[in-house]
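Here is a small set of exercises to work through with the model open beside you. Try each task before you read its solution.

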Amino acid sequence: MTTPLTICRSSDIHGHENFPMGCAFSPDGTCLLTATASDGKFRLYDTPFQHLNNIHQIEHERDNHEGETDENHSMDEVTANGPQHDDIEDEIETTSCSHNQNQTQQNYTWKASLTSHQGGPPPSASSASYSWYPLMTSSSPLTSLYATCRGNSMPIHLIDAYTSQLRASYRPFNGVDELEGPTVVEFSPDGSRIYGTGFKTDRTIAVFDTTIPGREGRIMRLGKTRRSSDGQKGIPSAMAFAKHSGGDYDAPSNVFALGTYSPGSIYIYDDRMATDTNPAGTIVLHGGLAVVGHGKSFARKKRRFEHTDNENDAEDGGGEDLFSSARVNWFQSRARGGVTQLTWAPPTSNNPYVLYSASRRSNAVLSRDVRALSGLDLDGDYASSSSRKRSGGGVSRSICGLQSYARDGDTNQRLEFDLDTNGQRMFVGSGSSEGVVKVYDANTGKLDDEFKVVDGGGDAVNGVSFIPHPFGKNDGDGLLAVAVGSRHFHEEDLSDNESEKDAIPRNPGFLQLYEIKR
């Protein structure tokens, strides 16, 4: 287990059970956004580039000095250079960060540069969702925006990242004309639309034009009514658009993946294909692929994925690409608790068609290849005729589950993961029993490394976010921000000693920034 260099730790999160809920670097990497649990604040931290540059300069001077000392084996020269070496060591001791997680650098104060508290303090059980404007650059104040929501009859807020002032509000209304706040917010890849979902009264998605605040938006329904048997079931809990790069692969800006809580499911939608019978759009991708779904209510759909021996399989070759029944059931069971995060592979990765998902109370992050959802194989050819007959003439190929990435996930809390710029490495946060960040090879699922964030456990690593290193020498170097903290429920102490009944004090959560080397 290797321990990366700790750059800094936040020092301004205080209060009972107050901790950051996830974290996200801005698209240009200049700042970090998080939401804290008990005080209801969205906090914006500047990425400490100057502090990081100072550390690198000091280390460079130290390395140069040590190199000169090794080359010149003269005691006089070593003595002459002694005071300079002492100055460097003293500066390193007071300025740089320790590799020991128990000795996080204290002299550098990393505090939120801005906080927003729109809508007042939330209920204790509320969740927060936030999303950066995808075209954001700090050099252009007009694009320095992020959207937030907390549910509980609060609208979507568009916040200025320079002043923390409210730029605009988007107000979704339900079927009885009551303002209802979403619990999930996301921008379209081009930033022209804001999507809000996760409403408790109905299965809908509210879509707003970013340039038109207010209540003027359109409502897309996931089913005819809340209790109807059609469409995607459960409360929407995660949404993800494919990332844009401007290269050979350019993802469609209207296609998105949507995950739900109990029953856990993942569907892929195209909102340009809305109809009267299916207002949310046909559940297809590129005109030929069908539903991605899993959960307790998908028993009939799962029969499509089960492999049954057939004499014609060997002739048609259709059985080679199908999951075994056990593998399908394993992938399905890992998402039944409810999807908490969805992320597409970066467009510069080996396969930009991979969709990653995490679920609550699940011990693994999963990846799937959406080119083989059903009906079409990886080459775009339709399944064999015998395979289609087994499903009653419909589609028959299973979801192409690629890899699983193990973690300690026995908690209802959201535990995030993130990918590096090229989609080669995955950083996975773990629950309170481990308190580590695991680093996986995203292509093979092999555990490359892990490092301890919380000594002795007790708190979960609930958020991770990666950006390329501003001064990195190697491709793959970067900065990794982690969010640490979780809710603690104290059981009643039956001891007669009053002093023993007092709850054990716990430190609030914190953000921590690491330097990752390839």
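Buried or exposed: which of these describes the residues Ala364, Leu366 and Arg368 on one side of β19, and Val365, Ser367 and Asp369 on the other? Keep in mind throughout that this is a predicted model.

**Exercise 1. Describe the surroundings of strand β19.**

Step 1. Take the two faces in turn. In a regular strand the side chains alternate between the two faces of the sheet. Ala364, Leu366 and Arg368 are buried on one side of β19, and Val365, Ser367 and Asp369 are buried on the other, which leaves both faces covered.

Step 2. Draw the conclusion. Six of the six residues of β19 (residues 364-369) are buried, so the strand is largely enclosed by the rest of the structure.

Step 3. Look for the pairing partner. Strand β18 (residues 354-359) pairs with β19 in the antiparallel sense, over four bridges. Within this pairing, valine 354 stands opposite aspartate 369.

Step 4. Inspect the turn. Four residues separate β18 and β19 in their hairpin. Arginine 361, in the loop between the two strands, has a positive phi of about 55° although it is not a glycine. Its relative accessible area is 49%, so arginine 361 counts as partly exposed.

**Exercise 2. Classify the ring pair of tyrosine 356 and tyrosine 405.**

Step 1. Begin with the total: the structure holds 15 aromatic pairs.

Step 2. Apply the geometry. The ring centres of tyrosine 356 and tyrosine 405 are 6.2 Å apart and the planes meet at 45°, so this pair is tilted.

Step 3. Place the partners. Tyrosine 356 sits in strand β18 and tyrosine 405 in strand β20 (residues 400-406); the pair is 49 residues apart and links distant parts of the chain. Both tyrosines are buried.

Step 4. For a further look at the rings, find the aromatic cluster formed by Tyr195, Phe241, Phe256, Tyr267 and Tyr269.

**Exercise 3. Decide whether aspartate 477 has a salt bridge, and list its contacts.**

Step 1. Locate the residue: aspartate 477 is in the loop between β25 (461-468) and β26 (478-484).

Step 2. Check the distance. The nearest side chain of opposite charge, lysine 517, is 4.4 Å away. A salt bridge needs a separation within 4 Å, and aspartate 477, though buried, has none.

Step 3. Collect the contacts. Leaving out residues up to four places away in sequence, aspartate 477 touches several residues, including Arg425, His469, Lys517 and Arg518.

**Exercise 4. Follow the chain from strand β1 into the loop after it.**

Step 1. Judge the burial of β1 (residues 5-9). Four of its five residues are buried, so this strand is largely enclosed by the rest of the structure.

Step 2. Find its partner. β1 and strand β27 (residues 510-516) run antiparallel and are joined by four bridges. Arginine 9 has glutamine 512 of β27 as its bridge partner.

Step 3. Move into the loop. Glutamate 17 lies between β1 and β2 (24-25), and its phi is near 50°, a positive value in a residue other than glycine. With 22% relative accessibility, glutamate 17 counts as partly exposed.

**Exercise 5. Put the details into the context of the whole chain.**

Step 1. Count the elements: the protein chain has seven helices and 27 strands.

Step 2. Consider burial and surface. Of its 518 residues, 52% count as buried. The chain exposes about 23700 Å², with carbon and sulfur atoms supplying 47% of that area.

Step 3. Consider contact range. Among contacts with a separation of 6 or more, 60% join residues 24 or more positions apart.

Definitions and conventions
Residues numbered from 1 in each chain as written. Predicted model: local features only at pLDDT ≥ 70, side-chain atom pairs only at ≥ 80, totals over all residues. Heavy atoms only, no water. Buried < 20%, exposed > 50% of the residue type's maximum accessible area, 1.4 Å probe, protein only. Lys, Arg positive; Asp, Glu negative; His and termini not counted. Contact = heavy atoms within 4.5 Å. Pairing = 2+ DSSP bridges. Areas by Shrake-Rupley, 256 points an atom, 1.4 Å probe, with all protein chains shown as cover. Phe/Tyr/Trp six-rings, centres within 6.5 Å; stacked < 30°, edge-to-face > 60°.
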